[in-house]
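I am opening this notebook to keep track of what I look up in a structure that is new to me. I will begin with the chain as a whole and then turn to a few places in it.

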Amino acid sequence: MKLRTRILVGFLMVILMPLLLLAATLYGFRESQIRNSEKTQIEESKTYDISIADSSSGEVSFQIMTKDLFVTALVILVFTSVSVGLWIYRSIAAPLLKLRRATQNIKEGNLDFVLEVEGDDEFSELCRDFEEMRRRLKESAEEKLVLDKENKELISNISHDLKTPITAVKGYVEGIMDGVADTPEKMDRYVRIIYNKTNEMDHLINELTFYSKIDTNRIPYVFSKLNVDDYFADCAEEVGLELETRGIQLYYANYVDKDVLVIADGEQIRRVIYNIVSNAIKYMDKAKGVIQIRVKDVGDFIQVEIEDNGKGIAAKDLPNIFDRFYRTDVSRNSSKGGSGIGLSIVRKILEDHGGKVWATSREGIGTIMYFVLRKYQEVPM
């Protein structure tokens with residue numbers, strides 16, 4: 001019952017109960033007078049002195065009855081007022097006490113409680129709103145803890161994975177300075193290793209910068225029409241140069257017509273391809289590494305497949321590889337580091353393009369990463 005209704009009912013009870021009692025008493029008094037009048041008419045033969053005595057006795061009875069009526073009305077009024085007051089007080093005090101306890105819990109930083117609410121009055125609605133606020137505060141606090149944990153993990157991962165190539169670069173530079181690379185072949189190998197390690201550091205720093213833009217939804221997309229044949233051929237050529245320095249063979253095949261277009265951000269799709277290829281390089285365990293890039297037409301979409309012959313991904317890990325900070329390499333050895341955000345960046349970019357990404361893999365044989373982009377189609381006027 002609403003508080004306004006409770007107050008109105010209480011007010012009516014306080015007013016109406018004494019009035020009803022008064023009306024009932026007056027009605028009884030009137031009936032008594034009528035009966036006394038009838039008795040008086042019957043006993044008219046009695047003496048004058050007796051009539052005076054009866055009249056005096058009737059006045060006394062009337063005074064006593066009036067006094068009793070006043071006392072009774074006062075008692076009922078007090079009883080009704082106290083009852084109504086307690087009824088309204090309990091409807092207010094109980095939820096206020098719950099709110100006070102809940103406020104004290106939040107003040108002490110405890111959000112692991114539930115504010116039980118019954119009824120549909122204004123205080124119950126206030127308690128329900130308070131409970132919703134508590135629930136959202138708890139969710140926000142939990143999200144903050146997860147975010148803080150992820151940020152600490154990111155810093156730890158980046159620090160670890162920057163330290164590894166920096167140590168390698170320092171060692172090879174010292175080797176050159178000390179004359180260890182005393183032949184052109186050794187010098188060329190040292191320079192290639194230093195170049196690859198600096199590329200790794202550059203990629204890690206770019207990932208960190210891009211990660212901050214993902215969290216603030218400030219990814220600078222520049223969408224344009226891209227010719228599928230020309231664009232992916234250029235991407236394959238760039239990736240091929242990187243793979244050549246690592247002794248990995250690249251095979252590229254395009255099965256899409258030359259006039260097919262997509263609407264995409266060329267720079268960000270390059271990032272997608274580079275992140276997937278980098279992941280393949282990271283887990284390549286074959287002496288002769290091979291990566292294949294295939295572009296296919298699948299109706300309203302073009303599908304890109306990037307296949308490697310690396311160590312593969314376990315079935316239990318496959319559903320989680322696109323989650324942020326998920327790492328199949330729990331041991332974090334120096335040859336298979338990574339920040340743990342590369343594939344999550346891939347998923348974010350493709351989702352923002354209206355596409356999707358998924359993977360299949362067999363341990364010991366290799367992994368195939370798939371992603372699709374919608375074709376550009378002219379809309380007839």
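The entries below go from the whole chain to one helix, then to single residues.

**Entry 1, the whole chain.** I note at the outset that this is a predicted model. I counted the elements and found seven helices and seven strands in the protein chain. Reading along the sequence, I wrote down the pattern α-α-α-α-β-α-β-β-α-β-β-α-β-β, which begins with helices and ends with strands.

**Entry 2, burial and surface.** I looked up how much of the chain is covered, and buried residues make up 34% of the 381 residues. The protein chain exposes about 23,900 Å², and carbon and sulfur atoms supply 58% of that area. I also checked the contacts whose partners have a separation of 6 or more, and 73% of these are accounted for by residues 24 or more positions apart.

**Entry 3, helix H5.** I then turned to H5, which covers residues 228-245 and has 18 residues. From its first C-alpha to its last the helix reaches 26 Å, close to the 26 Å expected at 1.5 Å a residue. At the N-terminal end of H5 I found a cap, where a side-chain oxygen of Asn227 lies 3.1 Å from the backbone nitrogen of Asp229. After H5 comes Gly247, whose phi is positive, near 75 degrees. The buried residues of H5 include Val228, Tyr231, Phe232, Val239 and Leu243, and I also see Asp229 and Glu242 in that list.

**Entry 4, cysteines.** How many disulfides does a search of the whole structure find? The search finds zero. I looked at two cysteines all the same: Cys235, one of the buried residues of H5, counts as buried because its relative accessible area is 5%, under the 20% cut-off. Cys127 is likewise buried, with a relative accessible area of 2%.

**Entry 5, Ser361.** I ended at Ser361, which is found in strand S6, residues 356-362. Is Ser361 buried or exposed? Ser361 counts as buried because its relative accessibility is 19% and the cut-off is under 20%. Leaving out residues up to four places away in sequence, I listed what Ser361 touches: Gly312, Ile313, Leu318, Gly366 and Thr367. Two of these names came up again when I looked at polar atoms, since the side chain of Ser361 reaches the backbone nitrogen of Ile313 at 2.7 Å, and a polar contact of 2.8 Å joins the side chains of Ser361 and Thr367.

Note on methods: Residues are numbered from 1 along each chain as its sequence is written. This is a predicted model: local features need pLDDT of at least 70, side-chain atom pairs count only at pLDDT 80 or more; totals for chains, interfaces and linings use all residues. Side-chain values use heavy atoms; hydrogens and water are left out. Helices (H or I, at least four residues) and strands (E, at least two) are DSSP runs, numbered from the N terminus. Buried means under 20% relative accessible area, exposed over 50%, partly exposed in between (1.4 Å probe, protein chains only). Contact means heavy atoms within 4.5 Å. Accessible areas come from the Shrake-Rupley method with a 1.4 Å probe; for residues, only the protein chains shown count as cover. A disulfide is a pair of cysteine sulfur atoms within 2.5 Å. A polar contact is a pair of N or O atoms within 3.5 Å; within protein, one must be able to donate a hydrogen and the other to accept it, and residues adjacent in sequence count only if both atoms are side-chain atoms. The expected span of a helix is 1.5 Å times one less than its number of residues.
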